[in-house]
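Here are my comments on the model you asked me to look over, set out point by point. Please read them with the coordinates open.

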Amino acid sequence: MLHLQSITKTYGKKQILKDVSFSIQAGEIVGLVGENGAGKSTMLQILATLSKPTKGKIHLAELSYEEHTKDIRKKIGYVPQDIAIWEEFTVEENMLFFEKLSWINKSKQQLKQLCLDMELDKWKEPVNTLSGGMKRKLNLAISLIHDPEVLLLDEPTVGIDLKSKMEIGNYLKEQATLHHKIIVYTSHDMDEIIRLCDRVLCIGEDPFYYDILVQKKKNVVTI
Ligand SMILES: Nc1ncnc2c1ncn2[C@@H]1O[C@H](COP(=O)(O)OP(=O)(O)OP(=O)(O)O)[C@@H](O)[C@H]1O
Ligand SMILES: [Mg+2]
């Protein structure tokens with residue numbers, strides 16, 4: 001279980017997250033929605049240990065984020081909002097590079113399969129010749145190399161075609177239900193949020209997203 005207790009984040013005088021508390025069980029896909037600047041990426045960066053909350057505590061099962069940061073990192077897969085891959089290397093070279101950085105040994109075949117699971121079949125192509133959507137698929141595949149317990153995905157399907165979106169969505173569902181992963185996921189695509197997420201957390205005071213999700217009978221709370 002991922003448990004957040006009274007998380008507050010301020011940048012200078014600006015308070016982004018205000019006393020946020022929630023828990024996510026293994027096997028759950030939780031959507032994080034809100035307008036531009038609401039704090040979705042900030043929340044994911046905190047959950048990815050890349051940014052520290054100003055106040056509050058986070059635990060993954062019995063591990064405290066403050067005391068066990070290294071152990072926590074091994075259990076987390078993070079896809080940042082901005083693509084982070086080696087542009088001049090091929091898909092294969094990127095996968096092999098990030099496998100070396102991970103704490104797990106995967107065969108070339110397993111790495112290739114991970115890309116195929118993301119509907120990416122450009123194994124030998126240099127990344128700078130891929131489309132934006134294909135790069136995102138590669139970023140997703142990289143985040144899965146070390147078989148993380150928690151997947152933090154910041155707008156992972158922006159620019160990805162509908163067919164691949166559906167297939168990646170099905171793959172993520174399977175990761176949650178069959179492999180009991182915790183998935184926290186942001187998107188501005190409400191259809192996708194409705195299709196994929198078990199529960200939605202709506203950041204900010206604007207009721208726009210909240211109202212849409214309530215109308216669709218989605219399990220949603222504001223934070
Ligand atoms: N490093 C930083 N220093 C100062 N302010 C920041 C920093 N990072 C983010 N912010 C501010 O925090 C607020 C939340 O930003 P964040 O990127 O979390 O929003 P978001 O919900 O992900 O938005 P978007 O939908 O545009 O991706 C914004 O007002 C942003 O300007
Ligand atoms: Mg963002």
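The points below take up confidence, the metal site, a glutamate and a surface patch.

1. This is a predicted model, and the chain averages a pLDDT of 94, with 100% of the residues scoring at least 70. Among the elements of the chain, the lowest mean pLDDT, 91, belongs to helix H6 (residues 162-179), while strand S4 (residues 55-60) has the highest, 98.

2. The magnesium ion (ligand 2) has as its protein donors the OG atom of Ser41 and the OE1 atom of Gln81, which lie 2.0 to 2.1 Å from the ion. Because serine 41 belongs to helix H1 (residues 40-47) and glutamine 81 to the loop between strand S6 (76-79) and helix H3 (91-101), the pair ties together parts that are 40 residues apart in sequence.

3. The two donors should also be read with their accessibility in mind. Serine 41 has a relative accessibility of 17% and therefore counts as buried, whereas glutamine 81, at 31%, counts as partly exposed.

4. Glutamate 92 is located in helix H3 and is buried, its relative accessible area being 8%. When neighbours within four places in sequence are left aside, glutamate 92 is in contact with Lys108, Trp123 and Lys124.

5. Trp86, Phe89, Phe97 and Leu101 make a nonpolar surface patch of about 370 Å². One of these residues, phenylalanine 89, sits in the loop between S6 and H3 and is partly exposed, with a relative accessible area of 33%.

Terms used:
Residues are numbered from 1 along each chain as its sequence is written. Chains are lettered from A and ligands numbered from 1 in the order in which they are written. This is a predicted model: local features need pLDDT of at least 70, side-chain atom pairs count only at pLDDT 80 or more; totals for chains, interfaces and linings use all residues. Side-chain values use heavy atoms; hydrogens and water are left out. pLDDT is the predictor's confidence in each residue, from 0 to 100. Helices (H or I, at least four residues) and strands (E, at least two) are DSSP runs, numbered from the N terminus. Donors are N, O and S atoms within 2.8 Å of the metal (3.2 Å for Na, K and Ca); water is not among the atoms, so sites may look incomplete. Buried means under 20% relative accessible area, exposed over 50%, partly exposed in between (1.4 Å probe, protein chains only). Contact means heavy atoms within 4.5 Å. Patches are made of residues with over 30% relative accessible area and no salt bridge: like charges are joined within 9 Å, nonpolar side chains (Val, Leu, Ile, Met, Phe, Trp, Tyr) within 5 Å. Accessible areas come from the Shrake-Rupley method with a 1.4 Å probe; for residues, only the protein chains shown count as cover. A salt bridge is a side-chain nitrogen of Lys or Arg within 4 Å of a carboxyl oxygen of Asp or Glu.
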